[in-house]
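Here are some worked exercises to try with the model open beside you. Have a go at each task before you read its solution.

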Amino acid sequence: MDGTVNSLEAVLPDYSNNSAFDEVARPPARRIKQIWAVGGGKGGVGKSLIASSLAISASRLGNSVVVVDLDLGGANLHTALGLDLPKNTLSDFFSDRVPSLEACRVQTGIQHLDIISGAQDAIGVANVSDVDKTRLLTALNSLDTDYLIFDLGAGTTFNTIDFFLSSNVGIITLLPEPTSIENAYRFIKSAYFRHLRNDPKLLEVQALIDVAMDSRNERNIRTPSDLFREVSQSNPEAAVRLKRSIACFNPKLIVNQARTQSDIDVGYSVKTVCKKYFGIEMDYLGYLDYDSSVWQAIRRKRPMLLEFPNSRLVMNIDRMVQQIFKRYNNVKK
Ligand SMILES: Nc1ncnc2c1ncn2[C@@H]1O[C@H](COP(=O)(O)OP(=O)(O)OP(=O)(O)O)[C@@H](O)[C@H]1O
Ligand SMILES: [Mg+2]
């Protein structure tokens, strides 16, 4: 793999200057300062634990937060928060059984923190139409809150990726084991191509991006660097815009269930590979220890942050939230 990475490095442009980061405009929101999304490709890697914990930690700093279960079909974020399933969920929103999304917004009992629970009728995120997805995102964007935090489902369906891309701070979580790392790369690659595909400034080369998104395409575009080379040859001006668009894609990474130093170092390796292979600036937010208190908290139906407030895991979550506030305070979409 190293050989591939090095040869690709020669082809990719220099992405070290990220000044284009703030350029893409996001539709005006009433009050929402930011959306954070927690995804990762694989099931059971701690997305719900992390989304709920970030939400509690951010709300404890006095911000109003709505945490949203976008794991449609496998929704269980309420359990991570120690709650029973609320009466109204996204199922009711999609089937117009409630007058607005606000009717699905429920207090968690934690000050400043509300939840919108996911669909319960196995709707499956892949089955949400583009119209419903847009309707949901528009409704979410008009909620009256400081922060929205999305708990995403496993997999790389377009809808999950689009929810991820709609955030200002997109967090990928993985376990330090080969299957999870592999899935995280798949998620990053899908989100990366989809981000380029959705960029209106790249309309001229959309056909090539579409080809690249099919991993077995006949033009042999296998990697982002192949795509960049093709675009540079056919349309040098678009290649400049492509480079800018790539610079706007900055996912963050959390390694969960770390037991050893080499587990922690997985985060640095993924960051390095993403830079060399995709040209992506990925920020490693840090790791969370494997901690058996997590299942104890779940069995007691209590959030980890409230049940074991002095654990290292909770301290690391609080530190991550402070980092996010400090580093990405001004990040617009
Ligand atoms: N740091 C940790 N230490 C110990 N156990 C953990 C840790 N993080 C998560 N777990 C356990 O792993 C399981 C999966 O966690 P969680 O439900 O948050 O993952 P998920 O990615 O949201 O899963 P799904 O894809 O099914 O929604 C839970 O049972 C939780 O108790
Ligand atoms: Mg989950």
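**Exercise 1. Find how many bridges join E2 to E4, and decide whether the strands run parallel or antiparallel.**

Step 1. Strand E2 covers residues 65-70 and strand E4 covers residues 113-116; strands here are DSSP runs of E with at least two residues, numbered from the N terminus.
Step 2. The two run parallel, joined by 4 bridges, and strands count as paired when DSSP finds at least two bridges between them.
Step 3. To fix the register, place Val67 opposite Ile115 in E4.

A note on conventions: this is a predicted model, in which local features need pLDDT of at least 70 and side-chain atom pairs count only at pLDDT 80 or more, while totals for chains, interfaces and linings use all residues. Residues are numbered from 1 along each chain as its sequence is written, with chains lettered from A and ligands numbered from 1 in the order in which they are written.

**Exercise 2. Work out in which sense E3 and E4 pair.**

Step 1. Strand E3 (residues 105-107) pairs with E4 in the antiparallel sense over 3 bridges.
Step 2. Val106 stands opposite Ile115 in E4.
Step 3. E3 and E4 form a hairpin with 5 residues between them, and Gly109 in the turn has a positive phi of about 95°.

**Exercise 3. Decide whether the faces of E4 are covered or open.**

Step 1. In a regular strand the side chains alternate between the two faces of the sheet.
Step 2. Leu113 and Ile115 lie on one side of E4, with Asp114 and Ile116 on the other.
Step 3. These residues are all buried, leaving both faces covered; buried means 20 or more other C-beta atoms within 10 Å of the residue's own, exposed means 12 or fewer, and partly exposed is in between, with C-beta atoms placed from the backbone.

**Exercise 4. Identify the strands that pair with E5.**

Step 1. Strand E1 (residues 34-39) runs parallel to E5, with 5 bridges joining them; Val38 stands opposite Asp151.
Step 2. E2 also pairs with E5 in the parallel sense, over 6 bridges, and the bridge partner of Val68 is Phe150.
Step 3. Now look at burial: 6 of the 6 residues of E5 (residues 147-152) are buried.

**Exercise 5. Compare two residues with positive phi: which is buried and which is exposed?**

Step 1. Most residues other than glycine have a negative phi.
Step 2. Asn220 has a phi near 65° and is found in the loop between helix H8 (206-213) and helix H9 (224-234); helices are DSSP runs of H or I with at least four residues.
Step 3. Asn220 is exposed, because 9 other C-beta atoms lie within 10 Å.
Step 4. Gln257 has a positive phi of about 60° and is found in strand E7 (residues 252-258).
Step 5. Gln257 is buried, because 22 other C-beta atoms lie within 10 Å.

**Exercise 6. Describe the surroundings of Val321 in helix H14.**

Step 1. Helix H14 spans residues 312-328.
Step 2. Val321 is buried, because it has 22 other C-beta atoms within 10 Å.
Step 3. Leaving out residues up to four places away in sequence, Val321 touches Leu54, Ser57 and Ala58; contact means that the C-beta atoms, placed from the backbone, lie within 7 Å.
Step 4. Val321 and Ile56 are 265 residues apart in sequence, yet their C-alpha atoms are 9.9 Å apart in space.

Terms used:
Contact = placed C-beta atoms within 7 Å.
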